[in-house]
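Subject: Handover of a structure and notes on its features

Dear colleague,

Please find below the structure that I am handing over to you. My notes on it follow directly after.

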Amino acid sequence: MKPFRTLTAIAAPLIRDNVDTDQIIPSREMKTVGRTGLADGLFAGLRYTEVGGRTPNPGFVLNDPRYAQAEILLSGANFGCGSSREHAAWALAEYGFRAVIAPSFNPIFRGNCVRNGIVPVELPPQAIAALAGESAPITVDLEQMLVCLPDGRSFPFAMEAEAREMLLEGLDAIELTL
């Protein structure tokens, strides 16, 4: 796993509560048992105009050219609810997301993010609204545990020590134990 210290990147705003793992990667898109081959299916039910198709939905945030290189995803409360499928974190990672910022996460999904190198940052809705209104890149600083805007404003966040260490050092659960 690639260590995570800081990331300055565009943030794609998908501000919806209760985004479940079937929305993140619908079961029909899971055609592999590995960690690859899932990026095309990420948010397929929202990203494409028809089930099973690949015609982009022009109204979906990830199809907006402004967010083509987004590495940070902003969302609403209870992100990653639903099933415990790890494929959801795999799809986000393969697509290129390194951090997800939301008011809260499903606990199993949060753990899947950490184990797959995605930083799950919890911030209050008003902080996420400020980030969503930003067109310039924002910074997620795991060392300082801050999310920073270009204008100097910053939002602190908390994270469990073990999860933070895994992400900072790029360790999976086995490597952490060793």
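Are Phe79 and Phe105 buried or exposed? Both residues are buried. Please bear in mind throughout that this is a predicted model.

**Aromatic pairs**

Five aromatic pairs turn up when the whole structure is searched. In one of them, Phe79 and Phe105 meet edge-to-face, with 6.2 Å from centre to centre and 85° between the planes. This pair links distant parts of the chain, as the two residues are 26 residues apart. Phe79 belongs to the loop between strand 3 and helix 3, whereas Phe105 belongs to the loop between strand 4 and helix 4. Ring pairs also bring in Phe109, which forms a cluster with Phe79 and Phe105.

A further pair consists of Tyr95 and Phe97. Their ring centres are 5.4 Å apart and their planes stand at 20°, so this pair is stacked. The two partners differ in burial: Tyr95 has a relative accessible area of 23% and is therefore partly exposed, while Phe97 has a relative accessibility of 1% and so counts as buried. The cut-off behind this reasoning is that buried means under 20% relative accessible area.

**The parallel sheet**

One open sheet contains four strands in the order 2-3-4-5, paired in the parallel sense. Strand 2 and strand 5 form its edges; each has a single partner strand, so one side of each has no neighbour in the sheet. On average, neighbouring strands here are turned by 20° against each other, direction ignored.

Strand 3 (residues 72-75) is covered on both faces. Ile72 and Leu74 lie on one side, Leu73 and Ser75 on the other, and all of these are buried. This arrangement follows a general pattern: side chains in a regular strand alternate between the two faces of the sheet.

Strand 3 pairs with strand 2 (residues 11-14) in the parallel sense over four bridges, and Ile72 in strand 3 stands opposite Ala11. Strand 3 also runs parallel to strand 4 (residues 99-102), to which three bridges join it. Here Leu74 has Ile101 of strand 4 as its bridge partner. Between strand 3 and strand 4 the chain passes through helix 3 (residues 87-95), and this β-α-β crossover is right-handed.

Helix 5 (residues 125-132) lies across strand 2, strand 3 and strand 4, and runs at about 130° to strand 3.

**Helix 3 and helix 4**

Which residues of helix 3 are buried? They are His87, Ala88, Ala89, Trp90, Ala91 and Leu92. Their cover includes helix 1, strand 3, strand 4 and helix 4. Just after helix 3 comes Gly96, with a positive phi of about 125°.

Helix 4 (residues 107-115) likewise has buried residues: Phe109, Arg110, Gly111, Asn112, Cys113 and Val114. Those that cover them include helix 1 (21-24), helix 3, strand 5 (119-122) and helix 6 (161-169). At the N-terminal end, helix 4 is capped by Asn106, where a side-chain oxygen lies 2.9 Å from the backbone nitrogen of Ile108. Gly117 follows helix 4, and its phi is positive, near 80°.

**The antiparallel sheet**

A second open sheet, also of four strands, has the order 1-6-7-8 and antiparallel pairing. Its edge strands are strand 1 (6-9) and strand 8 (154-156), each of which pairs on one side only. In this sheet, neighbouring strands are turned by 15° against each other on average, direction ignored. Strand 6 (residues 138-141) and strand 7 (residues 146-148) run antiparallel and are joined by three bridges. Among the residues involved, Asp141 has Leu146 in strand 7 as its bridge partner.

With kind regards

Notes: Residues are numbered from 1 along each chain as its sequence is written. This is a predicted model: local features need pLDDT of at least 70, side-chain atom pairs count only at pLDDT 80 or more; totals for chains, interfaces and linings use all residues. Side-chain values use heavy atoms; hydrogens and water are left out. Buried means under 20% relative accessible area, exposed over 50%, partly exposed in between (1.4 Å probe, protein chains only). Two strands pair if DSSP finds at least two bridges between them. A crossover is right-handed if, with the strands pointing away from the viewer, the path from the first strand over the helix to the second runs clockwise. Contact means heavy atoms within 4.5 Å. A polar contact is a pair of N or O atoms within 3.5 Å; within protein, one must be able to donate a hydrogen and the other to accept it, and residues adjacent in sequence count only if both atoms are side-chain atoms. Axes are lines fitted to C-alpha atoms, for helices over the stretch in contact, and angles run from 0 to 180 degrees between N-to-C directions. Rings of Phe, Tyr and Trp (its six-membered ring) pair if their centres lie within 6.5 Å; planes under 30 degrees apart count as stacked, over 60 as edge-to-face and the rest as tilted.
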